[in-house]
Amino acid sequence: MTAKLDFSGDAFLYAQALDNSGKSECWHISDRAAGLRLLEPEDVRRRAIQDSIDKLQATGRNWPIFGGGITCRVSWSGDCVINFRPTTRDADGRISPVLLICNVFSTQENQILLAWESIKTYLRRELAQEDKSAVTHLARMLRWPQWLIFLNILIFSRSLKND
């Protein structure tokens, strides 16, 4: 049975192992627990994270508020997968993206900034410095009222059919 993710105050980082072992790392970022916690391989939320990623990548709207190596797919409910393309390569020389799964209506500014730092510190990926301004912009946007974030998604996002 797949667990239902609770995005109210929670966000998750997901990344494949750099050694191409097929393993992945999932990190839970909570505003209630004040920090970051690695999810164990048997944690049922890991499957829910993968399901959310698949669904958002397939049906989410392209929300081009970022630049450089950062892209975003968002649903009308605010569920969102942000794809960071670090400069770090895996064992076969391919770029190994890191995904942040959250809800833009309930994620806090500090969670986005903690995710940015955690990608470098815990996931051992180097990120392009120019992407920092995009992350800072997103963090500022999360301070906006929900209706203004929704309006931004409505105006600037595109369906996958238009990509």
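Q: Which residue in β5 is the bridge partner of R61?

A: In this predicted model, the general idea to begin with is that strands of a sheet pair through backbone hydrogen bonds, either parallel or antiparallel. Here the partner of R61 is V74 in β5, and the two strands concerned, β4 and β5, run antiparallel and are joined by two bridges.

Q: In what order do the strands of the open sheet lie, and which of them are the edge strands?

A: The sheet has seven strands, and reading across it gives β3-β2-β1-β7-β6-β5-β4, with antiparallel pairing. At the edges are β3 (35-38) and β4 (61-62), each of which pairs on one side only.

Q: How many bridges join β1 to β2, and how many are there between β2 and β3?

A: Seven bridges hold β1 and β2 together in the antiparallel sense, and one place to find this pairing in the viewer is Q16, which stands opposite S24 in β2. Going on towards the edge, β2 and β3 are also antiparallel and share four bridges, with S30 having G35 of β3 as its bridge partner.

Q: Which strands pair with β7, and over how many bridges?

A: On one side is β1 (residues 10-16), joined to β7 by four bridges in an antiparallel arrangement, where L13 has L100 as its partner. The other pairing is with β6 (residues 79-84), again antiparallel, over six bridges, and there C80 is found opposite C102.

Q: Which residues of β7 point one way and which the other, and is the strand enclosed or open?

A: In a regular strand the side chains alternate between the two faces of the sheet. In β7, V98, L100 and C102 point one way, L99, I101 and N103 point the other way, and all of them are buried. Because six of the six residues of this strand (residues 98-103) are buried, β7 is largely enclosed by the rest of the structure.

Q: Are the faces of β2 covered or uncovered?

A: Both faces are covered, since S24, C26, H28 and S30 on one side and E25, W27 and I29 on the other are all buried. Counted along the strand, seven of the seven residues of β2 are buried, and the strand is mostly covered.

Q: Which residues have the most contacts inside the largest nonpolar core, and which elements contribute to it?

A: In soluble globular proteins, nonpolar side chains tend to be buried together. The largest such core here has 31 residues, and those with the most contacts inside it are L13, W63, I82, F84, L100 and V104. Two or more residues are given to this core by each of β1, β2 (24-30), β5 (70-74), β6, β7, α2 (109-121), α3 (131-141) and α4 (146-156). Of these elements, α3 gives the most, with five residues. Apart from this core lies another, of eleven residues, including I53, L56, V81 and I101.

Q: What is L13 in contact with, leaving aside its neighbours within four places in sequence?

A: With those neighbours set aside, the contacts of L13 are E25, C26, W27, I29, V98, L99, L100, A115, S118, I119 and L123. One of these, S118, lies in helix α2, and its relative accessible area of 2% means that it is buried. Seen from S118, with neighbours within four places in sequence again left out, the contacts are L13, L36 and L123.

Q: Where is W144, and does it count as buried, partly exposed or exposed?

A: W144 sits in the loop between α3 and α4, and it counts as partly exposed because its relative accessibility is 31%, where buried would require under 20%. Beyond its neighbours within four places in sequence, W144 is in contact with I149 and N152. The C-alpha atoms of W144 and F105 are separated by 9.2 Å, although these residues are 39 residues apart along the chain.

Q: How much space lies in the second largest pocket, and which residues are closest to its centre?

A: The second largest pocket holds about 160 Å³ of space, and of the 14 residues that line it, A15, Q16, A17, S96 and P97 are the closest to its centre. By element, β1 supplies the largest share of this lining, with three residues. By character, the lining of the second largest pocket divides into six nonpolar, five polar and three charged residues.

Notes: Residues numbered from 1 in each chain as written. Predicted model: local features only at pLDDT ≥ 70, side-chain atom pairs only at ≥ 80, totals over all residues. Heavy atoms only, no water. Buried < 20%, exposed > 50% of the residue type's maximum accessible area, 1.4 Å probe, protein only. Pairing = 2+ DSSP bridges. Core = buried A, V, L, I, M, F, W, Y, C linked by side-chain atoms within 4.5 Å. Contact = heavy atoms within 4.5 Å. 1 Å grid on protein atoms, 1.4 Å probe; cavity = no way out; pocket = protein on both sides within 12 Å on 5 of 7 lines; lining within 4 Å. Points joined across faces, edges and corners; volume = space filled by probe spheres on them. Nonpolar A, V, L, I, M, F, W, Y, C, P; charged D, E, K, R; others polar.
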